[in-house]
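I opened a fresh notebook page for this one. Here is what I looked up, in the order I went through it.

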Amino acid sequence: MSDRDERNLVMLGPPGAGKGTQAARLGERLSVPHISTGDILREAVANGTELGRQAKGYMDAGELVPDELVIAIARERIAREDCAPGFVLDGFPRTVPQAEALGATMRELGRKPLRVINLQVSEDEIIRRLSTRRTCRGCGGIYSVDDGDTGDPCPNPDCEGELYQRSDDQPEAIAERLRAYANQTQPLIDYYGERGLLVNVPGEGAPDQIAEAVFRAARA
Ligand code: AP5
(Lines give C-alpha, C1' and ligand atoms only; values in the text may rest on other atoms or scores of the structure.)
Protein backbone atom coordinates (compact mmCIF):
# COMPACT_ATOMS: atom_id res chain seq x y z
CA MET A 1 0.00 0.00 0.00
CA SER A 2 1.45 3.45 -0.92
CA ASP A 3 1.53 6.51 1.37
CA ARG A 4 -1.38 7.92 -0.61
CA ASP A 5 -3.53 5.04 0.54
CA GLU A 6 -2.80 5.48 4.26
CA ARG A 7 -6.16 5.29 6.09
CA ASN A 8 -6.15 6.60 9.64
CA LEU A 9 -9.71 6.11 10.83
CA VAL A 10 -11.58 6.72 14.06
CA MET A 11 -14.99 5.21 14.84
CA LEU A 12 -16.92 7.60 17.06
CA GLY A 13 -20.35 7.04 18.55
CA PRO A 14 -22.21 6.28 21.77
CA PRO A 15 -21.89 2.95 23.62
CA GLY A 16 -23.56 0.26 21.55
CA ALA A 17 -23.55 2.29 18.33
CA GLY A 18 -21.86 -0.58 16.54
CA LYS A 19 -18.29 0.79 16.63
CA GLY A 20 -16.76 -2.62 17.38
CA THR A 21 -18.94 -4.44 14.84
CA GLN A 22 -18.13 -1.98 12.05
CA ALA A 23 -14.49 -1.31 12.97
CA ALA A 24 -13.69 -5.04 12.78
CA ARG A 25 -15.24 -5.28 9.31
CA LEU A 26 -13.60 -2.10 8.08
CA GLY A 27 -10.16 -3.07 9.37
CA GLU A 28 -10.43 -6.41 7.58
CA ARG A 29 -11.64 -4.82 4.36
CA LEU A 30 -8.84 -2.21 4.31
CA SER A 31 -6.21 -4.64 5.69
CA VAL A 32 -5.34 -2.34 8.60
CA PRO A 33 -5.42 -3.15 12.34
CA HIS A 34 -8.63 -2.69 14.32
CA ILE A 35 -7.59 -1.16 17.65
CA SER A 36 -10.19 -1.21 20.42
CA THR A 37 -9.09 0.38 23.70
CA GLY A 38 -12.06 -1.37 25.35
CA ASP A 39 -10.78 -4.78 24.16
CA ILE A 40 -7.20 -3.98 25.26
CA LEU A 41 -8.45 -2.97 28.72
CA ARG A 42 -10.76 -6.01 29.05
CA GLU A 43 -7.83 -8.28 28.15
CA ALA A 44 -5.68 -6.56 30.79
CA VAL A 45 -8.44 -7.13 33.37
CA ALA A 46 -8.82 -10.79 32.34
CA ASN A 47 -5.04 -11.30 32.61
CA GLY A 48 -4.85 -9.56 35.98
CA THR A 49 -2.11 -7.14 34.86
CA GLU A 50 -1.30 -3.87 36.67
CA LEU A 51 -3.17 -1.95 33.94
CA GLY A 52 -6.17 -4.23 34.36
CA ARG A 53 -6.11 -3.76 38.13
CA GLN A 54 -6.15 0.02 37.71
CA ALA A 55 -8.88 0.00 35.03
CA LYS A 56 -11.34 -2.58 36.40
CA GLY A 57 -13.26 -0.44 38.90
CA TYR A 58 -13.85 2.35 36.38
CA MET A 59 -14.99 -0.08 33.68
CA ASP A 60 -17.39 -2.04 35.90
CA ALA A 61 -18.99 1.25 37.00
CA GLY A 62 -19.33 2.44 33.38
CA GLU A 63 -16.91 5.33 33.95
CA LEU A 64 -14.04 6.32 31.69
CA VAL A 65 -10.57 5.08 32.61
CA PRO A 66 -8.20 8.03 33.34
CA ASP A 67 -6.82 9.73 30.23
CA GLU A 68 -3.15 9.14 31.05
CA LEU A 69 -3.59 5.33 31.10
CA VAL A 70 -5.53 5.17 27.85
CA ILE A 71 -3.37 7.70 26.00
CA ALA A 72 -0.25 5.67 26.81
CA ILE A 73 -1.89 2.50 25.44
CA ALA A 74 -3.02 4.19 22.21
CA ARG A 75 0.33 5.93 21.58
CA GLU A 76 2.27 2.71 21.95
CA ARG A 77 -0.11 0.77 19.71
CA ILE A 78 -0.28 3.34 16.87
CA ALA A 79 3.52 3.61 16.73
CA ARG A 80 3.86 -0.09 15.90
CA GLU A 81 4.94 -1.07 12.40
CA ASP A 82 1.66 -2.79 11.49
CA CYS A 83 -0.11 0.60 11.72
CA ALA A 84 2.05 2.14 8.96
CA PRO A 85 -0.68 1.59 6.30
CA GLY A 86 -3.32 2.95 8.69
CA PHE A 87 -5.63 1.77 11.47
CA VAL A 88 -9.21 1.82 12.66
CA LEU A 89 -9.47 3.19 16.20
CA ASP A 90 -12.54 1.99 18.12
CA GLY A 91 -13.33 3.70 21.44
CA PHE A 92 -10.40 6.13 21.30
CA PRO A 93 -10.34 9.09 21.59
CA ARG A 94 -13.32 9.75 23.85
CA THR A 95 -12.29 12.95 25.63
CA VAL A 96 -10.87 16.22 24.30
CA PRO A 97 -7.47 15.62 26.02
CA GLN A 98 -7.34 12.19 24.31
CA ALA A 99 -8.11 13.80 20.93
CA GLU A 100 -5.37 16.37 21.49
CA ALA A 101 -2.90 13.64 22.44
CA LEU A 102 -3.84 11.64 19.34
CA GLY A 103 -3.30 14.71 17.14
CA ALA A 104 0.13 15.26 18.70
CA THR A 105 1.08 11.60 18.19
CA MET A 106 0.02 11.72 14.54
CA ARG A 107 2.16 14.83 13.97
CA GLU A 108 5.16 13.29 15.77
CA LEU A 109 4.88 10.16 13.63
CA GLY A 110 4.40 12.21 10.42
CA ARG A 111 1.07 10.55 9.70
CA LYS A 112 -1.67 11.68 7.33
CA PRO A 113 -4.82 13.31 8.78
CA LEU A 114 -7.51 11.32 10.53
CA ARG A 115 -10.97 10.65 9.22
CA VAL A 116 -13.56 10.36 11.97
CA ILE A 117 -16.69 8.32 11.26
CA ASN A 118 -19.50 9.19 13.65
CA LEU A 119 -22.15 6.44 13.96
CA GLN A 120 -25.53 7.93 14.83
CA VAL A 121 -27.93 5.73 16.83
CA SER A 122 -30.94 6.65 19.03
CA GLU A 123 -30.84 6.09 22.81
CA ASP A 124 -33.70 3.53 22.74
CA GLU A 125 -31.81 1.43 20.20
CA ILE A 126 -28.58 1.71 22.21
CA ILE A 127 -30.24 0.37 25.35
CA ARG A 128 -31.85 -2.48 23.40
CA ARG A 129 -28.53 -3.43 21.79
CA LEU A 130 -26.45 -3.31 24.98
CA SER A 131 -28.88 -5.34 27.05
CA THR A 132 -29.00 -8.10 24.40
CA ARG A 133 -25.29 -8.14 23.50
CA ARG A 134 -23.16 -11.25 24.03
CA THR A 135 -19.44 -11.59 23.28
CA CYS A 136 -17.49 -14.76 22.51
CA ARG A 137 -14.59 -15.67 24.81
CA GLY A 138 -13.01 -17.62 21.95
CA CYS A 139 -13.07 -15.48 18.78
CA GLY A 140 -14.17 -12.15 20.31
CA GLY A 141 -17.21 -12.07 17.99
CA ILE A 142 -20.08 -9.74 19.00
CA TYR A 143 -23.64 -11.09 18.85
CA SER A 144 -27.13 -10.17 19.93
CA VAL A 145 -29.33 -12.69 21.72
CA ASP A 146 -32.40 -11.49 19.86
CA ASP A 147 -30.78 -11.85 16.41
CA GLY A 148 -32.05 -15.42 16.37
CA ASP A 149 -28.60 -16.47 15.14
CA THR A 150 -26.95 -16.88 18.50
CA GLY A 151 -27.06 -19.37 21.26
CA ASP A 152 -24.62 -21.08 23.46
CA PRO A 153 -21.93 -21.77 22.24
CA CYS A 154 -20.70 -19.14 19.74
CA PRO A 155 -22.50 -19.36 16.38
CA ASN A 156 -19.18 -19.09 14.49
CA PRO A 157 -18.67 -22.70 13.30
CA ASP A 158 -14.86 -22.31 13.43
CA CYS A 159 -14.98 -21.26 17.07
CA GLU A 160 -17.92 -22.51 19.16
CA GLY A 161 -16.48 -20.70 22.21
CA GLU A 162 -18.50 -19.59 25.24
CA LEU A 163 -20.68 -16.47 24.97
CA TYR A 164 -20.77 -14.06 27.93
CA GLN A 165 -22.45 -10.80 28.89
CA ARG A 166 -20.06 -7.89 29.60
CA SER A 167 -20.11 -6.72 33.23
CA ASP A 168 -20.76 -3.14 32.04
CA ASP A 169 -23.88 -4.18 30.10
CA GLN A 170 -25.97 -4.12 33.29
CA PRO A 171 -28.61 -1.32 33.52
CA GLU A 172 -26.75 0.87 36.07
CA ALA A 173 -23.46 0.73 34.18
CA ILE A 174 -25.25 1.39 30.86
CA ALA A 175 -26.80 4.55 32.35
CA GLU A 176 -23.38 5.71 33.59
CA ARG A 177 -21.77 5.01 30.20
CA LEU A 178 -24.44 7.11 28.49
CA ARG A 179 -23.76 9.94 30.95
CA ALA A 180 -20.01 9.69 30.34
CA TYR A 181 -20.64 9.73 26.61
CA ALA A 182 -22.84 12.85 26.78
CA ASN A 183 -20.45 14.76 29.06
CA GLN A 184 -17.04 13.68 27.82
CA THR A 185 -17.27 12.16 24.33
CA GLN A 186 -20.06 14.01 22.53
CA PRO A 187 -17.96 17.24 22.49
CA LEU A 188 -15.63 15.43 20.06
CA ILE A 189 -18.33 15.70 17.38
CA ASP A 190 -17.83 19.48 17.34
CA TYR A 191 -14.07 19.13 17.88
CA TYR A 192 -13.60 17.05 14.73
CA GLY A 193 -16.43 18.77 12.82
CA GLU A 194 -14.72 22.16 13.22
CA ARG A 195 -11.51 20.64 11.85
CA GLY A 196 -13.29 19.22 8.77
CA LEU A 197 -12.43 15.62 9.71
CA LEU A 198 -15.92 14.29 10.63
CA VAL A 199 -18.30 12.20 8.52
CA ASN A 200 -21.71 11.28 10.00
CA VAL A 201 -23.07 7.83 9.15
CA PRO A 202 -26.56 6.64 10.24
CA GLY A 203 -25.97 3.58 12.43
CA GLU A 204 -29.47 2.02 12.41
CA GLY A 205 -30.41 -0.61 9.87
CA ALA A 206 -28.86 -3.82 8.59
CA PRO A 207 -25.19 -4.20 9.58
CA ASP A 208 -24.23 -4.96 5.93
CA GLN A 209 -25.79 -1.70 4.70
CA ILE A 210 -24.09 0.27 7.46
CA ALA A 211 -20.78 -1.42 6.58
CA GLU A 212 -21.12 -0.14 2.99
CA ALA A 213 -21.84 3.42 4.19
CA VAL A 214 -18.88 3.23 6.60
CA PHE A 215 -16.61 1.95 3.82
CA ARG A 216 -17.67 4.80 1.51
CA ALA A 217 -17.05 7.32 4.32
CA ALA A 218 -13.59 5.82 4.93
CA ARG A 219 -12.63 6.06 1.26
CA ALA A 220 -14.17 9.47 0.53
P1 AP5 B 1 -15.76 0.09 24.92
O2 AP5 B 1 -15.51 -1.35 24.82
O3 AP5 B 1 -15.13 1.01 23.95
O4 AP5 B 1 -17.34 0.29 25.02
P5 AP5 B 1 -18.35 1.36 24.38
O6 AP5 B 1 -17.78 2.57 23.74
O7 AP5 B 1 -19.31 1.59 25.48
O8 AP5 B 1 -18.87 0.67 23.17
P9 AP5 B 1 -19.42 -0.77 23.10
O10 AP5 B 1 -18.31 -1.76 22.92
O11 AP5 B 1 -20.37 -1.01 24.23
O12 AP5 B 1 -20.34 -0.68 21.82
P13 AP5 B 1 -19.96 -0.60 20.29
O14 AP5 B 1 -20.28 0.78 19.79
O15 AP5 B 1 -18.61 -1.15 20.00
O16 AP5 B 1 -21.09 -1.55 19.72
P17 AP5 B 1 -21.03 -3.10 19.28
O18 AP5 B 1 -20.43 -3.22 17.92
O19 AP5 B 1 -20.45 -3.93 20.38
O20 AP5 B 1 -15.33 0.63 26.37
C21 AP5 B 1 -15.69 -0.06 27.54
C22 AP5 B 1 -15.12 0.66 28.74
O23 AP5 B 1 -13.68 0.70 28.66
C24 AP5 B 1 -15.53 2.14 28.90
O25 AP5 B 1 -16.77 2.28 29.54
C26 AP5 B 1 -14.35 2.68 29.70
O27 AP5 B 1 -14.45 2.32 31.05
C28 AP5 B 1 -13.16 1.94 29.12
N29 AP5 B 1 -12.56 2.65 27.97
C30 AP5 B 1 -12.41 2.17 26.71
N31 AP5 B 1 -11.83 3.08 25.93
C32 AP5 B 1 -11.60 4.17 26.71
C33 AP5 B 1 -11.05 5.45 26.48
N34 AP5 B 1 -10.60 5.80 25.26
N35 AP5 B 1 -10.98 6.32 27.51
C36 AP5 B 1 -11.41 5.98 28.74
N37 AP5 B 1 -11.96 4.79 29.04
C38 AP5 B 1 -12.05 3.90 28.02
O39 AP5 B 1 -22.60 -3.38 19.13
C40 AP5 B 1 -23.43 -3.41 20.27
C41 AP5 B 1 -24.53 -4.48 20.09
O42 AP5 B 1 -25.37 -4.07 19.00
C43 AP5 B 1 -24.01 -5.87 19.73
O44 AP5 B 1 -24.81 -6.84 20.35
C45 AP5 B 1 -24.16 -5.94 18.20
O46 AP5 B 1 -24.37 -7.27 17.76
C47 AP5 B 1 -25.41 -5.09 18.00
N48 AP5 B 1 -25.40 -4.38 16.71
C49 AP5 B 1 -24.33 -3.80 16.08
N50 AP5 B 1 -24.73 -3.23 14.92
C51 AP5 B 1 -26.09 -3.46 14.83
C52 AP5 B 1 -27.08 -3.10 13.88
N53 AP5 B 1 -26.79 -2.41 12.77
N54 AP5 B 1 -28.36 -3.47 14.12
C55 AP5 B 1 -28.69 -4.16 15.25
N56 AP5 B 1 -27.79 -4.55 16.18
C57 AP5 B 1 -26.49 -4.18 15.97
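A residue counts as buried when its relative accessible area is under 20%. I keep in mind that this is a predicted model.

**Entry 1, a charged pair.** I began with Arg133, which has 12% relative accessibility and is therefore buried. Its side chain meets that of Asp169 in a salt bridge, 2.9 Å from N to O. The two partners are 36 residues apart, with Arg133 in strand β5 and Asp169 in the loop between β7 and α7. Asp169 is buried as well, at 2%.

**Entry 2, the network.** I then followed the links outward: Arg133, Arg166, Asp168, Asp169 and Arg177 belong to a network of salt bridges. Within it, I noted Arg166 and Asp168, whose side chains meet at 3.0 Å. Arg166 is buried at 12%, and Asp168 is buried at 9%.

**Entry 3, another pair.** I also looked up Arg137 and Glu162, whose closest N and O atoms are 3.2 Å apart in a salt bridge. Arg137 is in the loop between β5 and β6 and Glu162 in the loop between β6 and β7, so the bridge ties together parts 25 residues apart in sequence. Here Arg137 is exposed at 53%, while Glu162 is partly exposed at 47%.

**Entry 4, the ligand.** Which residues are closest to the ligand? I found Thr21, Glu63, Arg94, Arg133 and Arg177, out of 35 that surround the ligand. So Arg133 turns up again on my page. A ligand oxygen is 2.9 Å from a side-chain N or O atom of Lys19. The protein buries 95% of the 1000 Å² that the ligand exposes when taken alone.

How values were computed. Residues numbered from 1 in each chain as written. Predicted model: local features only at pLDDT ≥ 70, side-chain atom pairs only at ≥ 80, totals over all residues. Heavy atoms only, no water. Near = heavy atom within 4 Å. Polar contact = N/O pair within 3.5 Å; in protein donor to acceptor, adjacent residues only side chain to side chain. Areas by Shrake-Rupley, 256 points an atom, 1.4 Å probe, with all protein chains shown as cover. Salt bridge = Lys/Arg side-chain N within 4 Å of Asp/Glu carboxyl O. Helix = DSSP H or I, 4+ residues; strand = E, 2+ residues; numbered from the N terminus. Buried < 20%, exposed > 50% of the residue type's maximum accessible area, 1.4 Å probe, protein only.
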